[in-house]
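Biologist: Could you zoom in on one part of this model and talk me through it closely? Once that's done, I'd like to hear how the rest fits around it.

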Amino acid sequence: MSHQPVLSIQNLNVEYTARRGKVKAVRDVSFDVFPGETVAVIGESGCGKTTLALALVRLLPRSAKIAGGKVLFQGGNYSTPIDVLRLNQSQLRAFRWRNCAMVFQSALNALNPVLKVSAQVQETARAHGEHDAKQIEERALWLFQQVRLDPRRVYNAYPHELSGGMRQRVLLALGLLLDPQVVILDEPTTALDVLTQRTIIEVLKRLRDEMGFALIFISHDLSMAAELAHRIVTMYAGKVVEIGQVNEVFYRPKHPYTLGLMRAVPNLSGGRAELVSIQGSPPDLIDPPRGCPFAPRCSYAQPICHEQPPPLEMRATDHASACHFWDRLPVLRESSEASSREVNP
Amino acid sequence: MVDATLPAAPPNPIGLLRNRLERIFKSYLFRSLTQALFTVWLVLTVTFVLIRMMPGSPVDILVDRLVSEQGLTREEALAQAAAMFSVDFNAPIHEQYFQYVGNLLRGDLGVSISSTNTPVIEIIARFLPWTLFSVGLGLLISFVLGLLIGMIMAYWRNSIFDVALSTIASFLSSIPSYLLPILLIYLIGVQWKLLPVARMRGTYDPKLTPAFTIEFIASVLLYAALPVLTYVLSQIGHWALSMKNSTLSVLGEEYVNAAHARGLPQRRILIAYVGRNASLPLFTQLALSVGSVVGGAIIIELFFLYQGIGIRLFEAIGARDYPLMQGIFLMITLSTVLANLLADLLYSQLDPRVRLGESK
Amino acid sequence: MTTATPSLAPLSRPRSGRLGGLWKAIRQHPSGAIGLFGVTFFLLMALIGPLIVPVPRVNVQARSQPPSFEHILGTDNQGKDIAAQIVHGSRPVITVAVLTGLITTAIAITLGALAAFWGGLFDRVVNSAANFVLTIPYLVAMTVLASFIRLNSPVTQALILSLWSWPVLMRTVRAQVLSLREREYVEAAVALNLGTPHIIFREILPNMASYIAISMILAMTSAIYAQIALITLGLVPLSDMNWGRMIFIARTTGAIYLTDTVWFILSPVMAIALFQWSLVTLARSIEDVFNPRLRSGA
């Protein structure tokens with residue numbers, strides 16, 4: 001891993017305008033993503049994950065506004081960092097997909113139903129100045145092969161002729177068409193059956209290692225995060241509450257919310273611990289609580305938690321959390337040497 | 001793991017043939033065609049029943065009239081009526097029916113009573129094209145403009161532009177189309193005096209002879225301007241509002257967002273993504289609206305004295321010219337059925353899901 | 001796309017009295033309120049207007065007058081008050097419209113519900129008939145029918161008009177019944193063997209009351225459309241005063257080419273347009289209120 005981050009998110013804030021006021025959906029989020037690295041952003045639905053992802057490529061809905069911060073990108077044709085949030089429309093258009101591809105949550109509807117896959121491949125390439133149709137086709141066919149699709153058939157098909165899993169992989173292949181430096185996946189496997197999920201995870205791992213793109217994926221599926229990610233970012237109420245190496249975070253969580261998330265997930269390798277769901281619901285983001293946003297739901301909470309927001313600080317090597325009582329949390333497993341496959345969230 | 005291709009076709013040729021036949025029968029085209037044929041047949045039969053079987057049927061009325069007015073015997077009168085409808089009314093009823101259908105299929109619609117024994121088909125051939133031309137042009141213009149306005153309204157939703165146009169559109173689409181000529185004649189002809197409305201009767205300047213000259217075409221367009229404007233005004237509100245709703249729902253679709261994410265140019269997204277998908281459901285409505293526009297044309301032509309089939313139908317009704325009435329009714333229905341079929345085909349060409357799938 | 005919809009606490013609504021509720025409904029659906037007001041206005045005009053407003057009389061001293069305090073819409077070329085003609089002319093038009101709405105709804109519900117419940121041949125026949133009716137130009141069929149059948153009573157007119165306006169509602173009813181049939185409470189009713197009429201009238205129809213109301217209103221608009229058309233063409237025996245008759249007179253006497261008859265022509269046209277618009281607007285708002293899923297807006 002190089003020392004220059006390919007994507008550096010700095011103090012990003014996003015607000016939605018609602019009738020009752022401004023909803024602060026993403027608050028002061030900062031983290032770096034390095035070339036070739038995979039970062040998983042986890043959290044309950046409504047914690048701001050998807051908003052964050054959309055903000056990175058500036059695809060937020062009209063009601064949302066970026067209220068501050070920077071998204072610095074360096075790589076590909078940009079040898080010095082540029083702020084994605086300051087790109088003009090045509091630069092932005094070029095940045096999307098060529099530098100940063102985003103694969104959407106509902107892949108079922110992410111392809112235009114009236115155009116053949118081939119047409120959508122070609123138009124994407126053309127939009128970025130690639131006019132050699134033959135070469136594009138070869139590249140697309142190769143990518144379809146890589147994501148384990150029948151290349152010829154899929155290339156000449158209409159989206160509705162493909163199954164959900166196939167469409168998801170078409171989208172993934174399409175995402176890699178221009179060899180982007182960053183790929184963002186939003187809940188890439190939610191709508192899929194377990195077998196297809198496995199295929200996608202396998203394909204992602206291999207392609208990531210072969211092609212060397214940085215991967216940011218948004219998920220509430222912790223086992224997938226454990227399997228794919230190098231680093232974990234936990235978001236709660238629009239804030240990053242914990243960030244660190246995958247094994248660090250999963251074995252020695254330093255934030256009760258991450259711990260709660262892990263306890264709420266069924267254990268794949270046999271249910272040793274019982275399932276505990278997190279009591280309560282996330283706070284109102286129009287008028288967020290003064291102290292720690294998680295305090296009302298937290299079993300470790302003390303009076304100070306309701307008063308003072310805990311800063312996001314380093315608690316161990318490459319492991320930061322925003323909790324006043326991070327050292328009171330249990331250690332789930334001592335060894336961090338075990339392979340991530342056996343992570344027991 | 002490679003996904004299987006299409007289920008392998010059975011190797012034996014009979015299975016292959018059956019497969020293909022099955023596909024044809026289930027295809028959109030086939031179903032549209034049978035539906036159209038069925039409708040035409042039903043209309044034929046209903047008109048036959050109306051002219052022949054109803055109490056006080058046109059044939060009886062005609063025979064009575066011939067007997068009392070021209071002093072013919074019942075037999076002579078019936079023979080003359082038979083000549084006019086080109087059906088032998090002495091034959092058994094099922095034979096009359098087959099004769100009638102057979103004649104119709106050969107284009108023999110009988111002769112007009114009121115316009116001195118001219119074949120009905122001739123009258124239709126002379127006047128129907130004008131109606132189809134003006135209605136078709138009006139529908140086309142309103143559809144295209146409505147789509148554009150609807151899209152703009154959706155993109156600028158809740159702007160003053162959208163609110164104002166929505167109000168106008170909903171008002172326009174609730175006025176019965178045939179009342180618009182009154183407003184147009186009053187405003188354009190009487191108040192603003194933009195066009196010599198009272199003199200503009202017919203389909204082109206009577207001093208000209210039909211030819212491919214600019215003068216003649218200009219005259220045709222000028223004379224059609226008001227009827228066409230009426231069709232446009234009566235339809236455009238409906239198209240704009242439908243397109244607005246359709247566009248709004250398409251704008252919420254994931255593929256539009258995904259297209260932005262792929263860095264496609266705005267114009268491409270507007271046309272191939274939003275426009276094309278949003279207009280799809282409107283094509284089925286287009287088929288249905290042909291009938292209602294043609295219906296309104298009867299009265300609209302009457303107000304403008306535009307010499308199309310509508311005026312002829314009105315005159316035929318006034319003169320109790322049943323062969324002509326029946327012929328016009330059949331041809332108008334046939335035209336709408338054909339227009340429906342055309343719109344269906346167009347739709348199936350535009351939406352691959354319909355083209356291949358079994359149903360929408 | 002779920003753009004992390006931030007947790008919105010359930011909107012606490014301030015409690016308000018019944019009047020407050022009405023005011024709120026009006027504020028949230030201003031166009032619906034206007035539509036409702038318009039429809040009520042015209043219904044009252046037809047119902048009690050003729051009792052209040054005196055029958056317009058010929059008055060040669062006051063021919064073709066512009067609007068004044070005495071004649072708010074002016075007078076026609078015989079000196080008859082136009083506003084009074086509009087009031088008296090509303091009753092026949094609206095009677096036929098309401099009757100058509102009722103008959104259409106009855107036909108559509110019966111056919112649609114039975115087609116969905118019985119299925120099979122009946123379903124196919126009803127559907128083909130609907131397709132047939134939808135394909136044939138409505139007005140053309142009406143004019144041709146009007147030349148065969150004498151349309152002298154409002155009931156015959158309504159019956160003939162209904163003959164052409166049931167298919168759309170029928171299809172909706174059929175589709176709704178088909179989908180509601182699947183739901184548990186109907187399955188329970190079927191299991192309890194409560195009988196088809198009971199299931200349709202007690203379990204299914206109340207669930208689609210708003211659809212039915214909308215369709216009835218739309219049937220009324222198409223009835224007005226066709227009815228005025230037939231009168232304008234002179235195909236319906238002309239009775240006394242009637243909006244359509246005013247237009248018929250305007251057309252046949254060439255009054256549309258004159259300037260001083262503008263109020264006589266525009267009054268019925270605007271009355272029809274406003275009534276139609278009120279009906280359509282009301283129908284749209286009912287749809288908005290009861291079926292917000294279809295509401296426009298992202």
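**A covered strand and its surroundings**

Modeller: Let's start with a pair of residues: A:Val182 has A:Ala214, in β8(A), as its bridge partner. Keep in mind that this is a predicted model. The A:Val182 side of that pair belongs to strand β7 of chain A, residues 182-186, which runs parallel to β8(A) and is joined to it by 5 bridges. β8(A) also pairs with strand β3 of chain A, residues 38-42, again in the parallel sense and again over 5 bridges. There you can use A:Val41 as a marker, since it stands opposite A:Ile218 of β8(A).

Now for β8(A) itself, which spans residues 214-219. How many of its residues are buried? It's 6 of 6. In a regular strand, side chains alternate between the two faces of the sheet. Here A:Ala214, A:Ile216 and A:Ile218 are buried on one side of β8(A), while A:Leu215, A:Phe217 and A:Ser219 are buried on the other, leaving both faces covered.

Zoom out a little and you get the sheet around it. In chain A, 8 strands form an open sheet in the order β6-β7-β8-β3-β9-β10-β12-β11, and the pairing is mixed. The edges are taken by β6 (100-103) and β11 (313-316) of chain A, each of which pairs on one side only. From one strand to the next, the twist averages 20°. For an antiparallel stretch, look at β9 (residues 231-236) and β10 (residues 239-245) of chain A, which are joined by 6 bridges. A:Ile232 is a handy marker there, standing opposite A:Gly244 in β10(A).

How does that sit with the domains? The assignment for chain A gives domain 1 as 7-229 and domain 2 as 235-340. Their C-alpha centres are 27 Å apart. Where they meet, domain 1 of chain A puts in 25 residues and domain 2 of chain A puts in 18. On the domain 1 side, β2 (22-33), β3 and α8 (222-228) of chain A each supply at least two residues. That's the β3 we just saw pairing with β8(A). The largest share of that side, though, comes from β2(A), with 9 residues. By type, the domain 1 side of chain A divides into 12 nonpolar, 5 polar and 8 charged residues.

Chain B also comes with two assigned domains, 1 (15-105) and 2 (121-351). Here the C-alpha centres lie 31 Å apart. The contact takes 14 residues from each of the two domains of chain B. On the domain 1 side, α2 (28-52), α3 (58-70) and α4 (74-85) of chain B each give at least two residues, and α2(B) provides the largest share, 9 residues. That side of chain B has 11 nonpolar residues, 3 polar ones and no charged ones.

α2 of chain B turns up again where chains B and C touch, alongside α7 (160-174), α8 (180-191), α9 (214-251), α10 (254-261), α11 (266-304), α12 (309-318) and α13 (322-350), each of these helices of chain B supplying at least two residues. In total, 48 residues of chain B are in contact with 37 residues of chain C. This time α11(B) brings the largest share of the chain B side, 9 residues. The chain B side here divides into 30 nonpolar, 15 polar and 3 charged residues.

As for chain C, it has 12 helices and 0 strands. Of its 298 residues, 42% count as buried. Among the chain C contacts with a separation of 6 or more, 71% are between residues 24 or more positions apart.

Last, a word on confidence in chain B. Its pLDDT averages 79, with 89% of the residues scoring at least 70. Helix α6 of chain B (residues 120-155) has the highest confidence in that chain, at 90, and helix α14 (residues 352-356) of chain B has the lowest, at a mean of 67. Residues 1-10 of chain B have pLDDT below 50, and beyond near neighbours in sequence that stretch has 13 contacts in the model.

Methods: Residues are numbered from 1 along each chain as its sequence is written. Chains are lettered from A and ligands numbered from 1 in the order in which they are written. This is a predicted model: local features need pLDDT of at least 70, side-chain atom pairs count only at pLDDT 80 or more; totals for chains, interfaces and linings use all residues. A residue is buried if 20 or more other C-beta atoms lie within 10 Å of its own, exposed if 12 or fewer, and partly exposed in between; C-beta atoms are placed from the backbone. Helices (H or I, at least four residues) and strands (E, at least two) are DSSP runs, numbered from the N terminus. Two strands pair if DSSP finds at least two bridges between them. pLDDT is the predictor's confidence in each residue, from 0 to 100. Two residues are in contact if their C-beta atoms, placed from the backbone, lie within 7 Å. Domain bounds come from an automatic or database domain assignment. Ala, Val, Leu, Ile, Met, Phe, Trp, Tyr, Cys and Pro count as nonpolar, Asp, Glu, Lys and Arg as charged, and the others, Gly among them, as polar. Axes are lines fitted to C-alpha atoms, for helices over the stretch in contact, and angles run from 0 to 180 degrees between N-to-C directions.
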